[in-house]
Structures are given as structure tokens and as C-alpha cells.
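User: I am new to reading protein models and would like to go through this one step by step. Could you help me with a few questions?

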Number of protein chains: 2
Amino acid sequence: METRELRYFVAVAEELHFGRAAQRLGIAQPPLSRTIQQLERRLGAALLDRTSRTVTLTEAGSVLLVEGRAALDAVEAAERRTRRAALPSTGRPGLVLVTKASASRELLANLLDAYAAEPGAVPVDVILCGPGEQERLLREGRADVALLHRPFDSTAGFHTEELGAEGQVVVLPAGHPLTVRTHVHMADITGLPGLPLPRWPDPDGTYPPGPGPQVRDHAQLLQLVALGRACAVSPESCRAQLHGDLAAVPVLDAPKVTTVIAWPPHSRSRAVADLVRTATRLR
Amino acid sequence: METRELRYFVAVAEELHFGRAAQRLGIAQPPLSRTIQQLERRLGAALLDRTSRTVTLTEAGSVLLVEGRAALDAVEAAERRTRRAALPSTGRPGLVLVTKASASRELLANLLDAYAAEPGAVPVDVILCGPGEQERLLREGRADVALLHRPFDSTAGFHTEELGAEGQVVVLPAGHPLTVRTHVHMADITGLPGLPLPRWPDPDGTYPPGPGPQVRDHAQLLQLVALGRACAVSPESCRAQLHGDLAAVPVLDAPKVTTVIAWPPHSRSRAVADLVRTATRLR
DNA sequence: GGCAACGATACCTTCCAGGTATTGATCCGG
DNA sequence: CCGGATCAATACCTGGAAGGTATCGTTGCC
């Protein structure tokens, strides 16, 4: 199977429309039809059910959509990492680390400082991104290591080392009645009148149905809390980012949040290994 | 990047010889040279340093060798899983489970029985293979789920659930002086006169240097122990496979062996999910 | 029933993958 | 120091496949 065929199939499977898929790929529709037919013949498997009005995925087609995306990601990662490895080493980012913008500044700073002090340390670029994006960046080879937070982020398919665990707090508008408490339980905050928990986007960018405002990142969320439109359950370390309008109260029975350092399983880079070792020593 | 280019590059990188690589690929040498040149131009990176006598990998080339192999595995897995999904469901293996031939028969039997009793269970094919092969089968899409044993097997790049842990025993020829002991420590058995620990092959099939006989699987190993040519440290559960010529004594300070069930991170299969759930309930 | 939408087919053109023959560089034995 | 052997690169040719345009056949819909 060639990546060209995979790209074509994924486009059709996502659009479920040969014309639009062809347009997206920048080719005419007939060659696209033909390529998909060849692919089906070669695999000995129908991938799409087409009437002259609708296109739907067969069972085999859904499998190839999922597996094919993963394979394309892997190819893209190989290409990107190779390109990076070929850049002149002066000034090239030796390592790209990705983490959530909302993550603990302290842990990250400690890690970067400690690593920089290691013999043989290379320059580290830090990418801050919204929740859920880190895994994609790591899979696509845009980053070498990530700081993830279980159970929010999935560590699917990566090597990981745990760096630490912390409890969670509920973030409330300053002056809210609950802020006088030394601690609360989950039951105290689900269904607080006027302060629903927010909804985060699914990996595909859509929001699950239900009450609560839609948020895209942590800054947005804190803004909404300050406005009295939501409350939030967040790791303790976010307290460092709270300003006067916000208050935090520990939630005793909220799940512990584990910070892990994650990297692609076949990484052969000495820099990644050094950084991970530094991180685990920090613990 | 096309998979054809990747396959060609990997062949050259492994052979470090254009002629042999071309032969292995079943093409002539000139088109191979040209394809690699195109690839290098497109990546903007030298992958190979060639004098007219020797070929060596550049830094970027080593990166592409590792990443490219992973990408090719992913493509192959996509292809194989799609083909499987297209087979007529009557009699088709719904699930392929791979485990070491030496693994506990009991756990596997319990798991298969419990899963078969689930509503919606599909037929499960079991592949037994030598140590170290499971990860490859899983990565290449030849299997859907594996039973691995930490710390022997790496769980690199898979989702896992722990199923249980066990201690280890030393397996000795019956009648060996140590067999009268109720337990031993590692120090008692490293350097037993005439009974060295065996050497297992590396992933590439070669053996590390050193003393001790080379073994390829557990049956070989037990044979060697029975012959009085080696001793072995193995998980407790292997006792079920010992016959009269062999004896086992617990090793108190040997690392615990954890049995885990592992599956590819993007598996969307309900059957895999059901099997994993069954396995964790068994625990 | 006619029209619009949409995938498949037919047919042509271009380009590239692959083959053969050869060159050019380097190592090595004498 | 020379001649042959080795090995990658170059030159050139050919067939097939990828892509384009025009058109057909089916189907849903007003």
C-alpha cells in the first residue's frame, strides 16, 4: 500500500463524497475513483458502499480509516524528524517539549533548569498548546516529549514515566459561599446553582451535548469562573495562576491528577533519554 | 514520502550496499540510486554518506531508519487488519491473541473461558511464539492483543492493563544441592559452578557476548537445565510445566514478574475491549 | 417525467519507475 | 605505479501508471 493511496482513501472516507474529496486533494474526481477501486481490488476488500447518491464506509473501511490515519501519522512523523535531524546543529532545537498552557509552571521550570545543567544538554523548545493537542503533536513528530496529565490526557502509544501526583481543587468566584470551607466533596459542587461544570471539546473538535459553557482552554475557563458563569475542578498547582477574583477549595474525593513525561516508544535520541532521566530524578 | 521510497531506503540502510539492497528489492541498482537521491532532495537532507567504496548512515539517515521502520510497520498493520476485517465473518478469527509459549497455561485458559462466556464473544485464535516476538506481531497487525510479561517484554507503544504479578523461582536439575532449600537469593545462584544463566537473543537475533548457553525459547532452556548445563530464573507459574528431572526453588529477591494484556493504542474493536474487560475482571 | 447530483467509464497525455549500457572513482594485488 | 575489480552515479530508453477531459448511467427529487 502506498501512502498516496492511503491519503486518498482517508480523504474520501472523511468526506464520504468523491467530488469533495478530489477537490480537497487537488485532483480530478475520476482518478480518485480509480485509485480507490485499485486499492479495494488489491486489498480484496470493499472499503466503501456507494450508491449513486451516497457513500458509506464498510466495516473494513472503518478499520482502514482508523489504522490508515495512524500509519499516515507515522510516516509524517518519520519525515519531520528526519528533516529536523538534518538541520545544522547550531541553533537547531535539540528537543521540542510540548505541554498544556495551563500546566504547572513550577514543574516545567525546574525540569528545564535541571536539564540545562546536565552535561551534554541541548537547547529545548517549549510548545504550549490547548488540552488534547499534545498527543497529536507527539504522534506527528512535531514534538519529542510531552508533559501529560492523567486522567485527562491519554498516554496511548507512548512511553511514560510518572513525575508526580496532586489533588484537585474547585475554582470558584471569590466570595462564593463555598470559599469559606476548608474542603469540599464532589457532591457539593455538581449542580451548584448557576455554576455548572464546563464542557471540553472531543478530539474531533465538537462538544458533547449537555449543560455548561463550552471552553477551549484553561484561560477561557478561569475567565468564565471569574464572571460567575461556571466553576472548575482543576489540579492544585493551578492555584499559582489564580488572581484576586478567584478562590480555590480542595476537593477531597476528586481523582488525583498524575503528571507524566511521555515520548514516542522508538525514540533513539540521547537528548530525550537524558531529559526523561532528569525528570525522574526531580521527582 | 511514499512507502516505496521508505522501503527502498530501509533496504539500503540495512545493507549499506546499493547492489545488495537492489537485489533484495528485486530491482536494478540504478533506479535504486536514483530513488534515494530523490528522497534526499525532497527531504533536503543527506541520508547516506557514500564514497565509491563504502556507504554509511548520516545522523538524519539513522533517524529515518528507525522512524521509517516504525512507519512501514504501521502501514503493514493497517493493510493486514483491513484484510482481516473484510473476511466473511463465518469462521474468521475475530481476535488473534499472541503470547509466549512458556506463559502460564492457567491464566490463558481462564481468560479464554471467561471471554467465551461473554455475550457477543467472537472466536479467538491463539498464537504462541518465542520471547520478544509478540511485540512485533502486535505492531505488524498480525495480532490484536498480547499477553506480555514485564520486565522481560517492553510494552512500548501499547495500551496495557496489569493482570497480576508473581515471584520467580530458580529451576535446577533434580537432586542439585540447592533444591533442599525452601528459598534462595539471587546471590546464591549467580555463578553456580557449572550452571550458568543462559543468554537470550537480542531483538535483532544476535546473542550478547558472555558465558552461558544460547537459548531461543523456554523449552530449550528447560532441556538444558535437565541436562545440567544451565540454571534458569523463571516466573513461579512455570512450575506447572516442570517434570521429574527438574526442581524449582523460590528466589526471594528476584524481580516480580507482571503479566499484562496489551493492545494497539488506536484499536477500535469491540472484541478487544471486551476481552480486556474480561481479563481485568478475572484479576 | 425531467432535472440535478454523483460516481463510473472511456480515452488521451504526460511523466516517472525501471531496465540496460556505460562512466567514474577508489581500493588492491602485483 | 599500473591494471583489474568493485561499486555508485550517469545517460538514455521504454512501458505503465497517474492525471486530465468528456461522457455515461443511476438515483433521488421537485
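User: How many residues of domain 2 of chain A are in contact with domain 3 of chain A?

Analyst: Happy to help! This is a predicted model, where local features need pLDDT of at least 70, side-chain atom pairs count only at pLDDT 80 or more, and totals for chains, interfaces and linings use all residues. Residues are numbered from 1 along each chain as its sequence is written, while chains are lettered from A and ligands numbered from 1 in the order in which they are written. Two residues are in contact if their C-beta atoms, placed from the backbone, lie within 7 Å, and on that basis domain 3 of chain A gives 10 residues and domain 2 of chain A gives 10 residues.

User: Which classes do the residues on that side of domain 2 of chain A fall into?

Analyst: Ala, Val, Leu, Ile, Met, Phe, Trp, Tyr, Cys and Pro count as nonpolar, Asp, Glu, Lys and Arg as charged, and the others, Gly among them, as polar. Sorted this way, the side of domain 2 of chain A that touches domain 3 of chain A has two charged, three nonpolar and five polar residues.

User: How far apart are the C-alpha centres of domain 2 and domain 3 of chain A?

Analyst: The bounds come from an automatic or database domain assignment. For chain A, domain 2 is 89–161 + 257–282 and domain 3 is 168–251. The distance between their C-alpha centres is 27 Å.

User: Which element gives the largest share of the side of chain B that touches chain A?

Analyst: That contact takes 33 residues from chain A and 33 residues from chain B. On the chain B side, α1 (3–15) and α4 (59–86) each give two or more residues; helices here are DSSP runs (H or I, at least four residues), as strands are (E, at least two), numbered from the N terminus. With 19 residues, the largest share comes from α4(B).

User: Which residues come nearest to DNA strand C?

Analyst: A residue is near a strand or molecule if its C-beta atom, placed from the backbone, lies within 6 Å of it. There are 18 residues around DNA strand C, and by class they are seven nonpolar, seven polar and four charged. Those that come nearest are A:Phe18, A:Pro30, A:Ser33, B:Ala28 and B:Pro30.

User: And which element gives the most to the surface near DNA strand D?

Analyst: Around DNA strand D there are 19 residues, and B:Phe18 and A:Ser52 are among those that come nearest. Elements giving two or more residues are α3 of chain A, plus α2 (18–25) and α3 of chain B. With four residues, the one that gives the most is α3(B).
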